[in-house]
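The exercises below are worked on the structure shown here. Try each task on the structure before reading its solution.

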Amino acid sequence: FFKTVALFFILRQNLENKYNVIYAGFKIGPILALIFFLVSLKGMSQSHPGHAYTRRIMFGLCLSAVGDVLLVFEQTGIFFFLGIVAFGIAQSIYIYAFRIAPVNFTFAKVLMG
């Protein structure tokens with residue numbers, strides 16, 4: 001993961017045209033490394049109920065990669081909008097995967113006095 005991040009930042013300086021497929025490929029390199037790590041660590045069995053978390057996180061990472069690629073080609077307004085939509089859906093999937101519970105505001109009010 002860290003090698004792909006470093007490679008992206010090193011090669012980013014040398015690419016004159018940041019709106020091309022090579023740049024997009026290096027930009028999603030760290031996300032692809034995380035997907036590979038997740039699959040190699042946990043597996044992707046459809047029948048195993050414990051892998052639902054892994055599938056959700058991987059789907060969120062895939063949508064994040066799609067959002068990154070679409071933002072690379074943001075010269076056209078529709079790509080920017082679709083990239084933001086992909087990131088929004090990915091964030092919703094992450095929230096669902098991590099099962100983040102709502103904040104208990106009663107407890108916060110007691111603490112604040």
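**Exercise 1: the setting of S64**

In this predicted model, S64 is buried, its relative accessible area being 8%. Task: explain why S64 is classed as buried, then state which helix holds S64 and which residues S64 touches beyond four places in sequence.

Solution. Begin with the accessible area: a residue is called buried when its relative accessible area is under 20%, and because the value for S64 is 8%, S64 falls in the buried class. Next, locate S64 along the chain, where it is found in helix α4, which covers residues 52–72. Finally, setting aside residues up to four places away in sequence, list the contacts of S64, which are I31, F87, A90 and Y94.

**Exercise 2: the setting of F79**

Task: decide whether F79 counts as buried, partly exposed or exposed, and describe where F79 lies and what F79 contacts.

Solution. The class between buried and exposed runs from 20% to 50% relative accessible area, so F79, at 32% relative accessibility, counts as partly exposed. F79 has its place in helix α5, residues 77–98. Leaving out neighbours within four places in sequence, F79 is in contact with L70, F73 and E74. As a last step, take the C-alpha atoms of F79 and V69, which are ten residues apart along the chain and separated by 9.0 Å.

**Exercise 3: the largest nonpolar core**

Task: identify the members of the largest nonpolar core that touch the most other members, and find which helix supplies the largest share.

Solution. Among the 13 residues of this core, those touching the most other members are I31, I35, L38, I57, L61 and Y94. At least two residues come from each of α3 (29–42), α4 and α5, and the largest share, five residues, is supplied by α4.

Note on methods
Residues numbered from 1 in each chain as written. Predicted model: local features only at pLDDT ≥ 70, side-chain atom pairs only at ≥ 80, totals over all residues. Heavy atoms only, no water. Buried < 20%, exposed > 50% of the residue type's maximum accessible area, 1.4 Å probe, protein only. Contact = heavy atoms within 4.5 Å. Core = buried A, V, L, I, M, F, W, Y, C linked by side-chain atoms within 4.5 Å.
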